[in-house]
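Grab a pencil and keep the viewer open while you work through these exercises. Try each task yourself before you read its solution.

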Amino acid sequence: MQIAEEKLTFYYNDNNLKMPSYHIIKAALKERGDYLVEFYNEFLIDIYVLLDKPDSKYIAIDWDNTVSADRTFFIDLIQRFQKADYIPFICTLRSPDKGNVVEIRSLLEETNIGIYLTDGCDKRGYMRDCGINVHLWIDDFYPGICREACSLLIENGIE
Ligand SMILES: [Mg+2]
């Protein structure tokens, strides 16, 4: 695997370390040499991995400053999730115009995954309205997922 120039620090709260999805992420990070922290420190963390519905198979992955921060790593991670029967998809605050979809689709190359563009709406509410309960949120900007002090953040040890 290509070694990225800049290492990323991921956060996965230590209440959730028994989740099979955690082991997939941990293995991928270990190979790449990225960091994983299990305590909340907003100054240290680049990308948050937040557990929402433990039994769901859907994994929502942000685009800007998440996948775009290291496409090679995320394409590999998406494929690892798919092999383990998870359903990863892109969920971005970008507006739902065709140019955004085409750009994201083309940069993801060999992966064929769903792309949801919420147009600035909070992602958790948007996906719920689409009838999708999310297992994990992978995102550099958690306020885009839900409002401050929502149960998702509290359950993941944030604030
Ligand atoms: Mg982002």
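**Exercise 1. Which residues of α2 are buried, and where on the helix do they sit?**

Keep in mind that you're looking at a predicted model.

Step 1: Pick out the buried residues, counting a residue as buried if 20 or more other C-beta atoms lie within 10 Å of its own. In α2, that gives you Phe-74, Leu-77, Ile-78 and Phe-81.

Step 2: Recall a bit of helix geometry. An α-helix has 3.6 residues a turn, so residues three or four places apart point the same way.

Step 3: Now look down the axis of α2. Its buried residues fall within an arc of 100°, so they line one face of the helix.

Step 4: Check what lies over them. The cover includes α1, β4 and β5.

**Exercise 2. Work out the strand order of the open sheet and find which strands stand at its edges.**

Step 1: Walk across the sheet from one side to the other. You should read its seven strands as β2-β1-β3-β7-β4-β5-β6, and the pairing is mixed.

Step 2: Look at the two ends of that order. β2 (35-37) and β6 (115-117) each have a single partner strand, so one side of each is left without a neighbour in the sheet.

Step 3: See where the mixed pairing comes from by trying some pairs. β1 and β3 run parallel, joined by three bridges, with Phe-10 partnered by Ile-47 in β3. β3 and β7 are antiparallel over four bridges, and here Leu-51 stands opposite Leu-136. β4 and β7 are parallel, again with four bridges, and Ile-59 is placed opposite Leu-136.

**Exercise 3. Is β3 enclosed or not, and what does it supply to the largest nonpolar core?**

Step 1: Go along the strand and sort the side chains by direction. Ile-47, Val-49 and Leu-51 point one way, while Tyr-48 and Leu-50 point the other way. That fits the general rule: in a regular strand the side chains alternate between the two faces of the sheet.

Step 2: Count the buried ones. Five of the five residues of β3 are buried, so the strand is largely enclosed by the rest of the structure.

Step 3: Turn to the core, which has 29 residues. Val-49 and Leu-50 are among the members that touch the most others, along with Ala-60, Ile-61, Leu-136, Trp-137 and Ile-138.

Step 4: Finish with the share. β3 gives five residues, the largest share of this core.

Notes: Residues are numbered from 1 along each chain as its sequence is written. This is a predicted model: local features need pLDDT of at least 70, side-chain atom pairs count only at pLDDT 80 or more; totals for chains, interfaces and linings use all residues. Two strands pair if DSSP finds at least two bridges between them. Helices (H or I, at least four residues) and strands (E, at least two) are DSSP runs, numbered from the N terminus. A residue is buried if 20 or more other C-beta atoms lie within 10 Å of its own, exposed if 12 or fewer, and partly exposed in between; C-beta atoms are placed from the backbone. The arc is that of the directions from the helix axis to the C-beta atoms. Two residues are in contact if their C-beta atoms, placed from the backbone, lie within 7 Å. A nonpolar core is a set of buried Ala, Val, Leu, Ile, Met, Phe, Trp, Tyr and Cys residues joined through C-beta atoms within 7 Å.
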